[in-house]
Amino acid sequence: MKSHLLTAFLLLFCLVQTGNGGVLFSSLPQTLVVTASIKQGQVLIAGEDSIILTWGLNQSFVGRTDESYKEVKVKLCYAPISQVDRKWRKTANDLSKDKTCQFIMVSKPFQKLDQTFKWSIEKEAPTATYFVRAYAYDSAGKEVAYGQNSDAKKSSNLFEVQGISGRHLSLDVASVCFSAFALVSLIGFFLVENSKKKRSTDN
Ligand SMILES: *[C@@H]1O[C@H](CO)[C@@H](O)[C@H](O)[C@H]1NC(C)=O
């Protein structure tokens with residue numbers, strides 16, 4: 001009886017452990033080299049501008065660590081300045097809880113040669129300051145390495161995205177109002193025309 005209970009506890013413990021624990025960011029080697037075609041502090045417009053991303057293996061690691069690399073995902077990540085007072089963007093060492101990099105810019109099978117990709121800034125990207133980070137994944141989909149276009153403190157090579165929400169909201173409201181106005185005018189026009197016709201047939 002006691003041993004059953006113990007087994008059950010152990011099993012539960014293991015489940016909880018594997019269920020909650022992700023890969024620790026601090027355990028990942030920085031073997032990828034990532035660049036983005038931006039200037040420090042550049043402001044880019046969501047839905048209009050684009051960035052050229054380049055990523056590849058740091059040549060000093062070729063053949064040493066990359067055997068397990070199967071896939072690379074390049075992600076858009078919040079810079080510290082855009083995480084202040086925003087728990088939903090918080091950085092956690094446990095990658096299953098990390099909210100730093102919420103947008104996948106591109107996902108490709110890992111290749112030894114440098115890859116490039118032109119990323120058009122999605123309309124959904126919120127206004128914020130960002131950097132770019134790439135993760136390499138093994139066949140089980142676990143992070144095994146990373147690289148980023150910024151330094152360890154995430155202070156260099158940052159860029160800003162100006163999102164649609166702030167910029168176009170007033171425009172959207174205006175266009176909705178205009179459409180409503182147009183519809184009402186049209187209905188009004190028909191009503192007037194109808195009553196005119198009615199009057200002329202009545203007479
Ligand atoms: C490649 O890795 C070496 C060794 O860790 C490092 O000194 C070098 O700065 C890295 N190169 C790039 C371009 O990140």
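Read from its start, the protein chain runs through the pattern α-β-β-β-β-β-β-β-β-β-α. The model is a predicted one, and the exercises below walk through it piece by piece.

**Exercise 1. The overall layout**

Work out how many helices and strands the protein chain has, and what share of its residues counts as buried.

Solution.
- Step 1: Take the elements. The protein chain has two helices and nine strands.
- Step 2: Place them in order. The pattern begins with α, continues with the β elements and ends with α.
- Step 3: Turn to burial. The protein chain has 203 residues, and 32% of them count as buried.

**Exercise 2. The disulfide**

Find which cysteines form a disulfide, say where they sit, and decide on the handedness of the bond.

Solution.
- Step 1: Recall the chemistry. A disulfide is a covalent bond that joins the sulfur atoms of two cysteines.
- Step 2: Apply the distance test. Two cysteine sulfur atoms must lie within 2.5 Å, and those of Cys 77 and Cys 101 are 2.2 Å apart. The count of disulfides comes to one.
- Step 3: Locate the partners. Cys 77 belongs to strand β4 (residues 71-78) and Cys 101 to strand β5 (residues 101-109). With their positions 24 residues apart, the pair links distant parts of the chain.
- Step 4: Use the torsion. About the S-S bond of Cys 77 and Cys 101 it is about 105 degrees, so the disulfide is right-handed.
- Step 5: Check the surroundings. Both Cys 77 and Cys 101 are buried.

**Exercise 3. The salt bridge**

Identify the side chains that meet in a salt bridge, and classify each partner as buried, partly exposed or exposed.

Solution.
- Step 1: Search the whole structure. The result is one salt bridge.
- Step 2: Name the pair. The side chains of Asp 94 and Lys 97 meet at 3.5 Å, N to O. The cut-off for a salt bridge is 4 Å.
- Step 3: Classify Asp 94. Its relative accessible area is 13%, and buried means under 20%, so Asp 94 is buried.
- Step 4: Classify Lys 97. At 47% relative accessibility, Lys 97 counts as partly exposed.

**Exercise 4. The ligand's surroundings**

List the residues around the ligand, sort them by character, and find the polar side-chain atoms that approach its oxygen atoms.

Solution.
- Step 1: List the shell. Around the ligand are Val 33, Asn 58, Ser 60 and Phe 61.
- Step 2: Sort the shell. Two of its residues are nonpolar, two are polar and none is charged.
- Step 3: Look at Asn 58. An N or O atom in its side chain is 2.2 Å from an oxygen atom of the ligand.
- Step 4: Look at Ser 60. Here a polar side-chain atom lies 3.2 Å from an oxygen atom of the ligand.
- Step 5: Ask how much is covered. On its own, the ligand has 360 Å² of accessible area, and the protein covers 31% of that.

**Exercise 5. The loop between β8 and β9**

Place Asn 149, Lys 153, Lys 154 and Asn 157 in the chain, then describe what the model shows for each.

Solution.
- Step 1: Set the limits. Asn 149 is found in the loop between β8 (143-148) and β9 (159-162). Lys 153, Lys 154 and Asn 157 have their places in the loop between β8 and β9 too.
- Step 2: Begin with Asn 149. This residue is buried, with a relative accessible area of 7%. A polar atom of its side chain lies 2.9 Å from the backbone nitrogen of Val 132.
- Step 3: Go on to Lys 153. At 69% relative accessibility, Lys 153 counts as exposed. Its C-alpha atom is 9.3 Å from that of Ala 79, a residue 74 positions away in sequence.
- Step 4: Examine Lys 154. Its relative accessibility is 13%, so Lys 154 counts as buried. Its phi is near 60 degrees, a positive value in a residue other than glycine.
- Step 5: Finish with Asn 157. At 34% relative accessibility, Asn 157 counts as partly exposed. Although Asn 157 is not a glycine, its phi is positive, at about 55 degrees.

**Exercise 6. A pair far apart in sequence**

Locate Ile 38, and find how far its C-alpha atom is from that of Leu 158.

Solution.
- Step 1: Ile 38 sits in the loop between β1 (32-36) and β2 (43-45).
- Step 2: Its relative accessible area is 12%, so Ile 38 is buried.
- Step 3: Ile 38 and Leu 158 are 120 residues apart along the chain, and their C-alpha atoms are separated by 8.1 Å.

Terms used
Residues numbered from 1 in each chain as written. Predicted model: local features only at pLDDT ≥ 70, side-chain atom pairs only at ≥ 80, totals over all residues. Heavy atoms only, no water. Near = heavy atom within 4 Å. Polar contact = N/O pair within 3.5 Å; in protein donor to acceptor, adjacent residues only side chain to side chain. Areas by Shrake-Rupley, 256 points an atom, 1.4 Å probe, with all protein chains shown as cover. Nonpolar A, V, L, I, M, F, W, Y, C, P; charged D, E, K, R; others polar. Buried < 20%, exposed > 50% of the residue type's maximum accessible area, 1.4 Å probe, protein only. Helix = DSSP H or I, 4+ residues; strand = E, 2+ residues; numbered from the N terminus.
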